[in-house]
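Subject: Structure handover

Hi,

Here is the structure I promised to pass on, with my notes underneath. Have it open while you read.

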Amino acid sequence: MRLLLTNFHGGDGGGHTTYLLALARGLLARGHAVHLAVPAGSRLHREGQAIAGLWVHAQTYPNGLRGLPRWPAARRRLRALLQAHGIELVHANGTADHRLAIAALRGLHPRPALVWTKHNSKPVRSLGHRLRARRTDRVLAVSAHTARQLAASPYGCCAIDTVPNGVDLQRFAPWPPEAARAARRQWVEREDALALGSNAGTADYKGWLDLVEALARLEPHERAQVRVLLAGKPPSAEASARVEALGLAAQVRFVGLLDDVRPFIAALDAGFVLSWDVETISFACREMMAMGKPVLVSDYAGLPENVEPDRDGWIVPVRDRDAIAAAVRAMLAQRERLPAMGAAARAHAEREFGLARFVELTEAAYRRALAAAAH
């Protein structure tokens, strides 16, 4: 197949970038011609250029009223790309690129099939979504929760496939104990501390501050045993002030944006993703589990689909600080169980989180979209 993957993010792109780079590599390995149309200067554009065989094109996706003057040129550029490379299927990954792809496809004969992936939990009930749903051949949901949300939206008129995100199980593999201890010494000063961490980012809706507030509810001797590590951008000033006010600044460490999160994950005893907005299924959760870390998740969106409770992780109600505190207290009381739970997390990842399964399911959805578009 001749495929075009699109994404509108001009900066880091977060999970979208992880998703598309993994998908592009997997599709190339299966013999497809893969093109990527993304903004110049984005991380996706930069890292995509390092993938052998991947065609990377600079493409803008004007959005909002301010973008209207640039819309015609962007549409012409995308349409020319489709025609020049004989693209058979376009896979859009956000609203702005989905909208532009529909405009660029209009009037093309034969018309490439159009697939759209929903990567977040934001509502999809607007007039714009209603119009786009009618022009989309197939929709991919990254979790069962997302699929249910789509089925109850205007996209219910489309064929919907559930394709959970996959992670590179070879890259994200458990580290040997000595290497993990060496990584841990970078960020945890107490060898006997319980190190809880997240590489899901430091946006407020990721719920990390809920964990910090839960720690404040523990008894002093319990609280003193816990260290919280967070990878990502610096937190908001308000969030930093709240950590200070809780008297936990010495126990919460922000390690910044990391080019390679594996040493960070290796340093942890357990991970957490306690999101209460936007989230779907979380690459970060799956990466931590693949590296043999049990994970504490909120029961938001598709997060619970990652975890088998009390076997390879824990599930708590959204923003329930008392429940989070109870989970941390249980970890402290049963420290000896954590390695076995981590091994179960890795086994779970090997069964369900691999890239091969992710790419195969995506490719199958593409073939169904092409078959439908041909009739």
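When I say that residues touch or are in contact, I mean heavy atoms within 4.5 Å. With that in hand, take His57: leaving out residues up to four places away in sequence, His57 touches His35, Leu36, Ala37, Val38, His45, Leu81 and His85.

Before the rest, the small print. This is a predicted model, where local features need pLDDT of at least 70 and side-chain atom pairs count only at pLDDT 80 or more, while totals for chains, interfaces and linings use all residues. Numbering starts from 1 along each chain as its sequence is written, and side-chain values use heavy atoms, with hydrogens and water left out.

Back to His57. It is found in strand 3 (helices, H or I with at least four residues, and strands, E with at least two, are DSSP runs numbered from the N terminus). His57 is buried, at a relative accessible area of 14%; buried means under 20% relative accessible area, exposed over 50%, and partly exposed in between, with a 1.4 Å probe and protein chains only. One of its contacts, His35, is 22 residues apart from His57 in sequence and 7.4 Å apart in space, C-alpha to C-alpha.

Now the sheets. One is an open sheet of 7 strands with parallel pairing, in the order 3-2-1-4-5-6-7 (two strands pair if DSSP finds at least two bridges between them). Strand 3 (55-58) and strand 7 (159-162) stand at the edges with a single partner strand each, so one side of each has no neighbour in the sheet. From one strand to the next, the twist averages 20°; axes here are lines fitted to C-alpha atoms, for helices over the stretch in contact, and angles run from 0 to 180 degrees between N-to-C directions. Strand 4 (residues 89-92) and strand 5 (residues 113-118) run parallel and are joined by 4 bridges, and Leu89 stands opposite Ala113 in strand 5. Helix 5 (residues 95-105) packs on this sheet, touching strand 1 (2-6), strand 4 and strand 5, and its direction makes about 175° with that of strand 5.

There is also an open sheet of 6 strands, again with parallel pairing, in the order 10-9-8-11-12-13. Its edge strands are strand 10 (252-256) and strand 13, each pairing on one side only. Here the twist averages 25° from one strand to the next. Strand 8 runs parallel to strand 9 (residues 226-231), with 5 bridges between them; Leu196 has Val228 in strand 9 as its bridge partner.

Next, a helix pair. The axes of helix 13 (residues 283-290) and helix 15 (residues 338-352) come within 7 Å and cross at roughly 115°. Helix 13 contributes Arg286, Met289 and Ala290 to the contact, and helix 15 contributes Ala345, Arg346, His348, Ala349 and Glu352. Which residues of helix 15 are buried? They are Leu338, Met341, Gly342, Ala344, Ala345, Arg346, His348 and Ala349. What covers them includes strand 8 (194-198), helix 13, strand 13 (313-316) and helix 14 (321-333).

Then the rings. The structure holds 4 aromatic pairs; rings of Phe, Tyr and Trp (its six-membered ring) pair if their centres lie within 6.5 Å, and planes under 30 degrees apart count as stacked, over 60 as edge-to-face and the rest as tilted. One of them is Tyr19 with Phe358, edge-to-face at 5.3 Å centre to centre and 65° between the planes. That pair links distant parts of the chain, with Tyr19 in helix 1 (residues 14-29) and Phe358 in helix 16, 339 residues apart. Tyr19 is buried at 1% relative accessibility, and Phe358 is buried at 2%. Trp187 and Phe264 also form an edge-to-face pair, 5.9 Å centre to centre with 70° between the planes.

Last, Glu363, which is found in helix 16 (residues 355-373). Is this residue buried or exposed? Glu363 counts as buried, at 8% relative accessibility. Neighbours within four places in sequence aside, Glu363 is in contact with Met1, Arg30 and His32.

Cheers
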